[in-house]
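Thanks for sharing this one. Here are my notes, set out as numbered points so that you can follow them with the coordinates open.

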Amino acid sequence: MPSPSPAGQARRLALFALAVCVLAVAAAVMSFVRGSWLGIVWILLAGLSSNMGWYYLRRSRMTHAQQR
């Protein structure tokens, strides 16, 4: 099986990071609804994964543009 292109790999990482962001936001909401302050940790994780998602998405676009 051939290895994926760098642009495809970065895009996949971006999608995984954004999926983690969505799940972390859902976990934060559930934590706050139950009255737990642990939701703050989930909010921080959502922020980190969101930034990673945007970074890898930009990296994918730049790599794709350079290959053209």
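1. Let me start with the surface patch. Helix H2, residues 39–67, supplies the largest share of the nonpolar patch, with 5 residues. The members are Val 20, Leu 38, Val 41, Trp 42, Leu 45, Leu 48 and Met 52, and together they make a nonpolar surface of about 600 Å². Please keep in mind throughout that this is a predicted model.

2. Val 20 deserves a separate word. Val 20 sits in helix H1, which covers residues 6–33. Its relative accessibility is 39%, so Val 20 counts as partly exposed.

3. Now the overall fold. The protein has 2 helices and 0 strands. Its radius of gyration is 15 Å, well over the 11 Å that the globule rule gives for 68 residues, so the protein is more spread out than a compact globule. The C-alpha trace spans about 50 × 25 × 10 Å along the principal axes.

4. How much of the protein counts as buried? The figure is 25% of the 68 residues. The accessible surface comes to about 5300 Å², and carbon and sulfur atoms hold 69% of it.

5. The contact pattern is worth a look too. Taking the contacts in the protein with a separation of 6 or more, 59% are between residues 24 or more positions apart. The next points follow some individual residues whose contacts reach across the sequence.

6. Ser 60 is a good place to begin. Ser 60 belongs to helix H2, and at 1% relative accessibility it counts as buried, the cut-off being under 20%. Setting aside neighbours within four places in sequence, Ser 60 is in contact with Ala 7, Ala 10 and Arg 11. The C-alpha atoms of Ser 60 and Ala 10 are 5.1 Å apart, although their positions lie 50 residues apart in sequence.

7. Tyr 56 can be read in a similar way. Tyr 56 is also part of helix H2, and with a relative accessibility of 18% it counts as buried. Which residues does Tyr 56 touch, not counting those up to four places away in sequence? They are Ala 10, Leu 13 and Ala 14. For Ala 14, the C-alpha to C-alpha distance from Tyr 56 is 5.0 Å, at a sequence separation of 42 residues.

8. Further along comes Thr 63, another residue of helix H2. Thr 63 counts as buried, given its relative accessibility of 17%. Beyond residues up to four places away in sequence, Thr 63 touches Pro 6 and Ala 7.

9. Turning to the partner side, Pro 6 lies in helix H1. Pro 6 touches Thr 63 and Gln 67, again leaving out residues up to four places away in sequence. By contrast, the C-alpha atoms of Pro 6 and Leu 45 are separated by 25 Å, with their positions 39 residues apart along the chain. Leu 45 is one of the residues in the nonpolar patch of point 1.

10. Last, the aromatic rings. The count comes to 2 aromatic pairs. In one of them, Phe 32 and Trp 37 are edge-to-face, at 6.4 Å centre to centre and with 80° between the planes. Phe 32 counts as partly exposed at 40% relative accessibility, whereas Trp 37 counts as exposed at 68%.

11. The rings of Tyr 55 and Tyr 56 have their centres 5.2 Å apart and their planes at 70°, so this pair is edge-to-face. Are its two members buried or exposed? Tyr 55 counts as partly exposed, with 47% relative accessibility, while Tyr 56 counts as buried at 18%. Tyr 56 therefore takes part in an edge-to-face pair with Tyr 55 and also touches Ala 10, Leu 13 and Ala 14.

Definitions and conventions: Residues are numbered from 1 along each chain as its sequence is written. This is a predicted model: local features need pLDDT of at least 70, side-chain atom pairs count only at pLDDT 80 or more; totals for chains, interfaces and linings use all residues. Side-chain values use heavy atoms; hydrogens and water are left out. Helices (H or I, at least four residues) and strands (E, at least two) are DSSP runs, numbered from the N terminus. The radius of gyration is taken over C-alpha atoms; the globule rule is 2.2 Å times the number of residues to the power 0.38. Buried means under 20% relative accessible area, exposed over 50%, partly exposed in between (1.4 Å probe, protein chains only). Contact means heavy atoms within 4.5 Å. Accessible areas come from the Shrake-Rupley method with a 1.4 Å probe; for residues, only the protein chains shown count as cover. Patches are made of residues with over 30% relative accessible area and no salt bridge: like charges are joined within 9 Å, nonpolar side chains (Val, Leu, Ile, Met, Phe, Trp, Tyr) within 5 Å. A salt bridge is a side-chain nitrogen of Lys or Arg within 4 Å of a carboxyl oxygen of Asp or Glu. Rings of Phe, Tyr and Trp (its six-membered ring) pair if their centres lie within 6.5 Å; planes under 30 degrees apart count as stacked, over 60 as edge-to-face and the rest as tilted.
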